[in-house]
Amino acid sequence: HTRYGTVTGVQTCALPIWVGKSQKVTAVDEVTGIEVSFVAPVSASRMDIERLARSKLAYVIAKKSAES
């Protein structure tokens, strides 16, 4: 049940790490190389996972930019 997809400049993949009804998702920004991970339910739609990946990456990128 591994899913892969490109999200507007962001490479996302749901790693095949299953814990009950959860999946670990890792998203990497192709430009900066910044990586984030989160846990989502196996039942989450691809659109929801991609939206969360973009949101979390945007937050982390903005936070790192502010720290510089």
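Helices here are DSSP runs of H or I with at least four residues, strands are runs of E with at least two, and both are numbered from the N terminus. The model you're looking at is predicted, so local features need pLDDT of at least 70 and side-chain atom pairs count only at pLDDT 80 or more, while totals for chains, interfaces and linings use all residues. Residues are numbered from 1 along each chain as its sequence is written, and side-chain values use heavy atoms, with hydrogens and water left out.

**Exercise 1. Find the salt bridges, and work out how Glu50 and Arg46 are placed in helix H1.**

Step 1: Know what to look for. A salt bridge is a side-chain nitrogen of Lys or Arg within 4 Å of a carboxyl oxygen of Asp or Glu.

Step 2: Search the whole structure. You get two salt bridges.

Step 3: Take Glu50 and Arg46. Their side chains meet in a salt bridge at 2.7 Å, N to O. They sit four residues apart in helix H1 (residues 46–67), so about one helical turn separates them.

Step 4: Now try Asp48 and Arg51. Their closest N and O atoms are 3.4 Å apart in a salt bridge, and both residues lie in H1, three residues apart, again about one turn of the helix.

**Exercise 2. Decide which label, buried or partly exposed, fits Glu50 and Arg46.**

Step 1: Get the cut-offs. Buried means under 20% relative accessible area, exposed over 50%, and partly exposed in between (1.4 Å probe, protein chains only).

Step 2: Apply them. Glu50 has 15%, so Glu50 is buried. Arg46 has 42%, so Arg46 is partly exposed.

Step 3: Add Asp48. With 36%, Asp48 is partly exposed too.

**Exercise 3. Describe how strands E3 and E4 are joined, and look at Thr32 in the loop between them.**

Step 1: Check the pairing. Two strands pair if DSSP finds at least two bridges between them. E3 (residues 22–29) and E4 (residues 35–41) have seven, and they run antiparallel.

Step 2: Pick out a facing pair. Lys24 is opposite Val39 in E4.

Step 3: Go to the hairpin. Five residues lie between the strands, and Gly33 takes a positive phi near 80°.

Step 4: Turn to Thr32, in that loop. Its relative accessibility is 45%, so Thr32 is partly exposed. The side chain of Thr32 reaches the backbone nitrogen of Ile34 at 3.2 Å.

Step 5: Finish with Gln23 in strand E3. Gln23 is buried, at 1%, and a polar atom of its side chain lies 3.2 Å from the backbone oxygen of Pro41.

Definitions and conventions
Polar contact = N/O pair within 3.5 Å; in protein donor to acceptor, adjacent residues only side chain to side chain.
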